[in-house]
Amino acid sequence: MSGFEMSGAGLRGQLVVFEGVEGAGKSTQLQSLRHWLEQSGWQSWLQQRVGTAVPPIVVTREPGGTELGQQLRRLLLDSSLTEGEGLWDRTELLLYAADRAQHVQKVLKPAIAQGALVLCDRFTDSTIAYQGYGRGFDLDLICQLNAIATMGLESDLTLWLDLEVQQGLQRAQARAQADQPEGLKGKDRMESADLSFHQRVQQGFRAIAQDEPHRMVRIEASLSEVQVAGQIQAVMEEYLQKWYPQRLNP
Ligand code: TMP
C-alpha cells in the first residue's frame with residue numbers, strides 16, 4: 001500500500017500499471033485483462049463493492065489520460081519535433097511530469113478514492129526507464145519529480161511486459177503502418193529514437209524489476225497473445241485474492 005492519502009471512508013481502490021518497451025503489447029493485454037475481469041465475475045463483484053453509482057474498473061493511460069494530457073501526448077509524440085528547434089530532453093521530462101500531475105489529480109486520485117480497480121497504461125516507471133536510463137537524467141531527480149507529480153501515489157502492482165527491444169520496435173512499426181496505410185505518420189517521436197536508447201530503456205525496466213520485486217512482476221511477452229494473457233490473468237487472480245479476501249470468505 002502506498003503512502004497516498006485517502007479522502008474517503010476507507011474504500012480504497014487499487015492501481016495496476018502496464019509497462020514495457022515499444023511494441024510490448026501493453027494496450028492489447030490491457031483490453032484482454034478488462035475482458036477477463038468481466039468474464040471471471042470479478043467485475044460484477046467489484047461493482048457490488050463500490051455501489052452502482054461509480055465505475056468498478058477504470059482504464060486510463062499516460063501520457064494522455066486527461067483532456068490536457070491528450071494535448072501533451074500529441075506534442076510529446078509529434079515526430080516533426082525532432083526537426084527545427086526540437087524538444088529539449090529537460091522539456092520532455094517536465095511535460096511527462098505535467099501530464100502525470102494532471103492525471104493523478106483528475107483521474108487516478110478520484111477513481112482510487114471511490115474504490116475502483118484502475119488499469120493504467122504506463123506510469124512512474126516509464127519516466128525512470130525512458131528519461132532516467134534512456135536520456136540519462138539523474139535517478140534521484142526523477143524520483144523527486146515523480147513524487148511531486150504523484151503526491152505519493154504508487155502502483156499496487158506493475159506488470160512489466162518483457163520483450164526484446166528489436167522485436168518490439170518491429171511490432172510497433174508494423175502497427176504504425178497498419179494504422180496509416182499511406183505512410184503518413186510512421187514512427188512517433190519516441191519510437192524514432194535510436195536502438196541504443198531503447199536498449200537503455202529496457203535495462204531500466206530490468207533494474208526496477210530487480211529492485212522492487214514486491215511491486216513489479218515480469219511477464220514473458222515474447223509468447224503468443226493468448227499465452228501472455230494467461231500469465232497476466234494468473235498474476236491478477238493471485239493479487240485480487242490478496243486484496244479482496246472477503247470475496248472468497250464473505
Ligand atoms: P505509449 O504509446 O506506449 O503510451 O507511448 C508513449 C510514449 O511515451 C512511449 O514511447 C514511452 C514514452 N514515455 C516516456 O518517455 N516517459 C513517461 O513518463 C511516459 C509515461 C511515457
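In strand 3, the residue that leucine 15 has as its bridge partner is valine 118, and I start there, in what is a predicted model, since this pairing leads us to the neighbours of strand 1. Strand 1, residues 14-20, runs parallel to strand 3, residues 117-121, and 5 bridges join the two. Strand 1 is also joined by 5 bridges to strand 4, residues 157-162, and these two strands run parallel as well; in that pairing, glycine 20 stands opposite leucine 161 of strand 4.

Now, is strand 1 mostly covered or mostly open? It is mostly covered, with 7 of its 7 residues buried. To picture this, recall that in a regular strand the side chains alternate between the two faces of the sheet. In strand 1, Gln14, Val16, Phe18 and Gly20 lie on one side, while Leu15, Val17 and Glu19 lie on the other, and since every one of these residues is buried, both faces are covered.

Let me turn to the aromatic residues, where a search of the whole structure finds 6 aromatic pairs. One of them is formed by tryptophan 42 and tryptophan 45, whose arrangement is edge-to-face, with 5.8 Å centre to centre and 85 degrees between the planes. These two residues are 3 apart in helix 2, residues 42-50, so about one helical turn separates them.

Tryptophan 42 also forms an aromatic pair with tyrosine 244, and this one is tilted, at 6.3 Å centre to centre and with 45 degrees between the planes. Here distant parts of the chain are linked, as tryptophan 42 sits in helix 2 and tyrosine 244 in the segment after helix 9 (225-243), 202 residues apart. Tryptophan 42 counts as buried because its relative accessible area is 1%, and tyrosine 244 is buried too because its value is 2%. Together, Trp42, Trp45 and Tyr244 form one aromatic cluster.

My last topic is a pair of helices. How do the axes of helix 4, residues 89-113, and helix 5, residues 124-134, meet? They come within 11 Å and cross at roughly 175 degrees, and, as angles over 145 degrees count as roughly antiparallel, helix 4 is therefore roughly antiparallel to helix 5. On the helix 4 side the contact is made by Glu92, Leu93, Tyr96 and Arg100, and on the helix 5 side by Thr124, Thr127 and Gln131. If we sort the residues of this contact by character, 2 are nonpolar, 3 are polar and 2 are charged.

Conventions
Residues numbered from 1 in each chain as written. Predicted model: local features only at pLDDT ≥ 70, side-chain atom pairs only at ≥ 80, totals over all residues. Heavy atoms only, no water. Axes fitted to C-alpha atoms, helices over the stretch in contact; angles between N-to-C directions. Helix = DSSP H or I, 4+ residues; strand = E, 2+ residues; numbered from the N terminus. Parallel < 35°, antiparallel > 145°, perpendicular 65-115°, else oblique. Contact = heavy atoms within 4.5 Å. Nonpolar A, V, L, I, M, F, W, Y, C, P; charged D, E, K, R; others polar. Buried < 20%, exposed > 50% of the residue type's maximum accessible area, 1.4 Å probe, protein only. Pairing = 2+ DSSP bridges. Phe/Tyr/Trp six-rings, centres within 6.5 Å; stacked < 30°, edge-to-face > 60°.
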